[in-house]
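Here are my notes for a colleague opening this structure for the first time. Please read them with the model on screen.

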Amino acid sequence: MPEAVAPETGTHTISLTIDGAERSIIVDPWTTLLDLLRGPLGKTGTKKGCDHGQCGACTVLIDGKRINSCLTLAVMKDGAEITTIEGLATGDDLHPMQQAFVEHDAFQCGYCTPGQICSAVGLVNEGHAHERHEIRELMSGNICRCGAYTNIVDAVQSVLDQTAKAPTP
Amino acid sequence: MAPSVSHIGQPRNRVDGRLKVTGAARYAAEYQANELLHGYVVVSTIAAGRIVAIDTREARAMPGVVQIFTHLDRQGVSWWDRDWQDDTAPPGHPFRPLHSDRILYDGQPIALVIAESFEAARNAADVVHVLYEVAPHQTDIHAAEADQYEPPKKREGVPPPPEPRGDLDQALAEAAFRVDAEYEQPSEHHNPMELFASTVIYEENDKLTIYDKTQGSQNAQQFVSAVFDLDDVKVVNAYVGGAFGSGLRPRYQLFLAVMAALKLKRSVRLELSRREMFYLSYRPITLQKLSIGADSNGKLLALKHHAVQATSLFEDYQEAVVNWSGLAYQCDNAAFSYTLSQVNTDTPGDMRAPGAATGVFALETAMDELSYAAGIDPLELRLRNYAERDQNMDKEFTSKALRECYAEGAEHFGWSKRQPTPRSMHDGKELVGYGMASGFWDAQVNKAEAKVRLLADGSVEVLTAASDIGTGTYTILAQIAAEAFEIPIDRVKVSIGASDLPTSPVEGGSWMAASVGSAVHLAAEAIKTKLIHRANRHHEAFLPIASADLCVEAGMVKKTDGTGPTISVAELMQAAQWDAVEETGKAGPDMLQMQKYISYTHSAVFVEVRVDEQLGVARVKRIVSAIAAGKILNPKTARSQILGGVVMGVGMAMHEEGLFDHGTGRIMNHNLAEYHVPANADIEDIEVIFVDEHDDKVNPIGVKGLGEIGIVGVAAAIGNAIYHATGKRLRTLPFTIDKIIS
């Protein structure tokens with residue numbers, strides 16, 4: 001992947017498409033994608049809960065796959081398409097997963113929620129989860145200290161059911 | 001005319017839900033400022049001693065570093081303990097960051113690096129070199145227990161152990177059945193998902209706007225104002241990413257960020273790491289001893305309960321641990337005691353149902369032991385000893401629907417299918433166990449004020465400095481106001497989470513809905529009274545009618561019997577040339593009522609566990625939690641509160657334990673990989689039942705609060721189920737594989 005390195009400062013110039021907007025960004029090689037999002041880019045919808053890949057609050061979608069942005073150096077993702085919680089809704093219309101989280105009260109404090117929702121969207125894309133026990137297992141990378149787990153499973157299940165019912169094009 | 005709408009008691013989605021699912025809700029570390037500086041904390045790596053030298057030269061030379069603060073260059077702050085004591089502080093000398101060279105616990109903040117970027121501050125913090133003189137420390141409560149003491153000064157708001165009653169020794173001697181047992185609980189760490197953070201926006205003349213992770217903006221505001229002697233400070237906590245008690249007291253990042261902002265005259269953000277959060281506050285390590293004696297019918301004759309809890313070297317943190325044993329069941333001969341032991345840690349703090357989660361674990365495990373000793377069904381044993389009166393306080397309950405909790409919980413769970421003998425129920429190679437426990441928590445009202453404003457267009461604003469830490473405060477206050485004025489919930493704008501709003505207590509103790517909710521209700525009623533008086537005095541048609549016969553209904557002032565003149569509120573306000581009608585409601589404890597009555601929330605928890613003995617693995621298959629908590633304002637968010645308490649109870653029972661290396665005095669598992677909190681896979685089925693409980697004495701809206709009751713009793717019910725499955729009685733939390741398999 002071509003990337004420009006400034007020899008004097010060691011900074012890299014990378015290109016990222018974030019929530020549909022393409023941007024060229026100068027980053028230090030040690031800056032994580034999470035710190036880039038929350039800091040210079042001001043996209044604070046993505047949360048920092050541990051910075052160690054242990055809690056899942058920082059989950060975003062890269063090319064449709066869920067990843068921990070705290071364990072990802074920004075320079076590694078030159079050219080990638082990133083969707084954060086802030087890019088899931090279409091205008092005023094919430095993404096079905098966001099709507100399901102509201103309807104099922106699948107959060108309380110809301111801090112793990114962006115990561116939970118991105119993770120759940122990634123889980124649906126993966127296509128491995130069908131039953132409740134599979135959702136529980138495959139959503140276990142996202143900790144919710146408020147303990148909304150059963151409601152999170154209800155929300156994800158409802159979206160999976162909608163997806164299953166929708167006619168395949 | 002708009003149809004009459006009902007909001008209270010309806011399952012409503014959170015009014016802040018959309019902001020939370022789109023990432024638009026902003027938390028303390030998420031506010032921007034021009035030329036914002038970033039902090040990173042250096043913490044001590046010894047548990048006791050002093051700093052001989054701190055070498056910051058290498059760190060200062062790193063690019064982007066602005067300043068490094070240590071105890072050598074901390075600026076002047078208040079000397080008085082009282083300025084450092086926030087609303088919830090226990091007796092003692094509050095910890096003062098960077099105060100001196102003394103080290104009192106591992107993980108104590110000893111330096112603050114301020115830099116132009118987060119990464120620069122973090123990098124520099126790594127090369128701050130510290131030379132220590134090490135002194136002996138103690139983190140093992142089993143050793144510290146030898147020096148246990150009764151706290152000489154009692155903590156405000158925490159009742160001391162109840163007075164002894166009857167003749168305990170004789171009653172114990174006469175008992176047909178006895179249980180004498182000891183229970184142990186490790187440190188538990190709150191671990192809200194949001195990291196503790198403060199963003200301090202600095203403006204000229206030391207004007208500060210602080211976005212802080214706190215359960216009480218006014219508590220934090222008063223702390224900063226007193227410690228730094230400032231008079232223009234505003235604290236905002238519009239959204240709080242969980243706290244569970246850890247945000248009751250101002251945390252050290254608040255002090256450090258304000259200190260740096262004042263010194264550098266720049267805005268500063270300081271966000272702690274997950275590791276540092278293990279060093280601020282925790283549910284205290286506790287040892288308990290219980291003796292229970294019962295007659296041949298299982299009626300309690302005698303009860304003795306002692307607890308010793310860890311505290312820091314500088315404050316006497318206290319909880320009501322043993323008190324619950326004096327009010328849970330009818331027992332005429334009883335004695336209670338409570339002591340502290342000092343360890344080299346930060347001062348412990350309130351964590352969800354402080355004292356009750358701990359004390360009721362021991363009591364309800366001991367009651368289960370008694371049930372097997374006496375050969376009485378555990379549920380039947382509790383019914384035989386049902387308390388109709390609080391013997392600690394010699395007061396009547398405002399209401400107590402615990403019997404209904406037992407009955408409805410047992411029915412939904414299928415308790416009648418339980419085989420009495422341990423190890424008698426199987427499913428394949430797994431042992432099946434049923435266990436139950438009761439739960440108790442205070443239903444309190446605290447002083448609170450709320451301003452309600454009715455605007456000319458019929459919409460309503462609610463203003464109060466309350467917090468919403470995930471509890472649903474925004475939503476229930478909107479419901480209460482919408483109900484009062486019979487308007488849709490989206491016509492109510494709720495402004496909370498800032499220190500310049502009307503006075504509210506910290507969000508804790510499960511008192512928020514009852515206190516602030518009552519204040520909103522009273523303010524709304526005062527507005528209606530004002531409208532009635534206006535109509536009564538200034539509109540001819542109403543002049544002959546007694547104001548007591550008038551009401552405000554669906555936007556109209558009219559007679560309660562529906563006859564006679566009517567006038568719309570809008571017309572009334574226009575005629576009076578009022579843009580808005582505004583009233584402040586004040587709620588607080590009813591001292592007269594409290595002389596005769598006392599109020600608690602109650603629960604009955606039923607648990608099924610499955611145990612694979614070969615692997616030593618127990619899993620919690622299902623939990624039914626039946627709750628009596630007065631009126632339920634919003635069954636949807638209320639259920640979530642209970643689910644959350646139950647899940648934290650599963651963590652307490654099965655996973656959570658701060659593992660100290662007593663050699664170094666350090667918590668070794670200070671991260672979310674090694675300190676396990678329940679994950680999604682750990683939680684199977686939970687059913688929440690709210691039983692009917694009408695209470696017209698507890699407060700004007702009949703609400704008792706739900707934040708804590710969900711966790712109380714859960715750990716005991718799980719342990720009791722494990723006993724029923726395996727015949728193995730576990731008295732030390734958490735119930736990990738090593739204990740089940742041994």
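Which feature does UniProt place at residues 22–136 of chain B? The record names it "domain: Aldehyde oxidase/xanthine dehydrogenase a/b hammerhead", and the entry is unreviewed. Keep in mind throughout that the model is predicted.

1. **The annotated span.** Start with residues 22–136 of chain B. The C-alpha atoms at the two ends of this span lie 51 Å apart. Helix makes up 14% of the span and strand 30%.

2. **A three-stranded sheet in chain B.** Look next at the open sheet with strand order E4-E2-E6 in chain B. Its pairing is antiparallel. Strand E4 (102–103) and strand E6 (129–134) of chain B each have a single partner strand, so they stand at the edges and one side of each is left without a neighbour in the sheet. Strand E2 of chain B, residues 49–55, is joined to E6(B) by 6 bridges. To find the register, go to B:Gly49, which stands opposite B:Val134 in E6(B). In general, side chains in a regular strand alternate between the two faces of the sheet.

3. **Two hairpins further along chain B.** Strands E21 (residues 550–553) and E22 (residues 556–559) of chain B pair antiparallel over 4 bridges. B:Glu553 faces B:Met556 of E22(B) across the pair. The hairpin of E21(B) and E22(B) has 2 residues between the strands, and B:Ala554 takes a positive phi near 50° there. E22(B) also pairs with strand E23 (residues 566–568) of chain B, again antiparallel, through 3 bridges. Here B:Val557 stands opposite B:Ile567 in E23(B). The hairpin of E22(B) and E23(B) has 6 residues between its strands. In that turn, B:Gly562 has a positive phi of about 85°.

4. **How much do the chains bury?** Chain A and chain B bury about 4,300 Å² between them. Carbon and sulfur atoms account for 52% of that area. On the chain A side, A:Gln108, A:Arg145 and A:Tyr149 lose the most area to chain B, together 20% of what that side buries. The contact draws on 46 residues from chain A and 56 residues from chain B.

5. **Polar links across the interface.** There are 6 salt bridges between chain A and chain B. One of these joins the side chains of A:Arg145 and B:Glu656, at 2.7 Å from N to O. A:Arg145 is also among the residues of chain A that lose the most area to chain B. The two chains also share 26 residue pairs in polar contact, with both residues at pLDDT 80 or more.

6. **What chain A brings to the contact.** Five elements of chain A each supply at least two residues to the side that touches chain B: helix H1 (33–38), helix H2 (96–103), helix H3 (113–126), helix H4 (132–138) and helix H5 (149–165). H5(A) gives the largest share, 5 residues. By type, that side of chain A divides into 19 nonpolar, 14 polar and 13 charged residues.

7. **A salt bridge within chain A.** Over all chains, the count comes to 53 salt bridges. Among them is the pair A:Asp19 and A:Lys43, whose closest N and O atoms are 3.0 Å apart. This pair links distant parts of the chain, 24 residues apart. A:Asp19 is in the loop between strand E2 (12–18) and strand E3 (21–27) of chain A. A:Lys43 is in the loop between H1 and strand E4 (59–62) of chain A.

8. **Backbone points to check.** Most residues other than glycine have a negative phi, and most peptide bonds are trans. A:Asp105 is not a glycine, yet has a positive phi of about 50°. A:Asp105 lies in the loop between H2 and H3 of chain A. In chain B, a cis peptide bond joins B:Leu733 and B:Pro734, with omega about -15°. B:Pro734 is in the loop between helix H19 (714–726) and helix H20 (737–741) of chain B.

Note on methods. Residues are numbered from 1 along each chain as its sequence is written. Chains are lettered from A and ligands numbered from 1 in the order in which they are written. This is a predicted model: local features need pLDDT of at least 70, side-chain atom pairs count only at pLDDT 80 or more; totals for chains, interfaces and linings use all residues. Side-chain values use heavy atoms; hydrogens and water are left out. Contact means heavy atoms within 4.5 Å. Buried area is the accessible area (1.4 Å probe) that two parts lose on being put together, summed over both. A salt bridge is a side-chain nitrogen of Lys or Arg within 4 Å of a carboxyl oxygen of Asp or Glu. A polar contact is a pair of N or O atoms within 3.5 Å; within protein, one must be able to donate a hydrogen and the other to accept it, and residues adjacent in sequence count only if both atoms are side-chain atoms. Ala, Val, Leu, Ile, Met, Phe, Trp, Tyr, Cys and Pro count as nonpolar, Asp, Glu, Lys and Arg as charged, and the others, Gly among them, as polar. Two strands pair if DSSP finds at least two bridges between them. UniProt positions are given in the numbering used here, feature names are shortened, and annotations may be inferred rather than shown by experiment.
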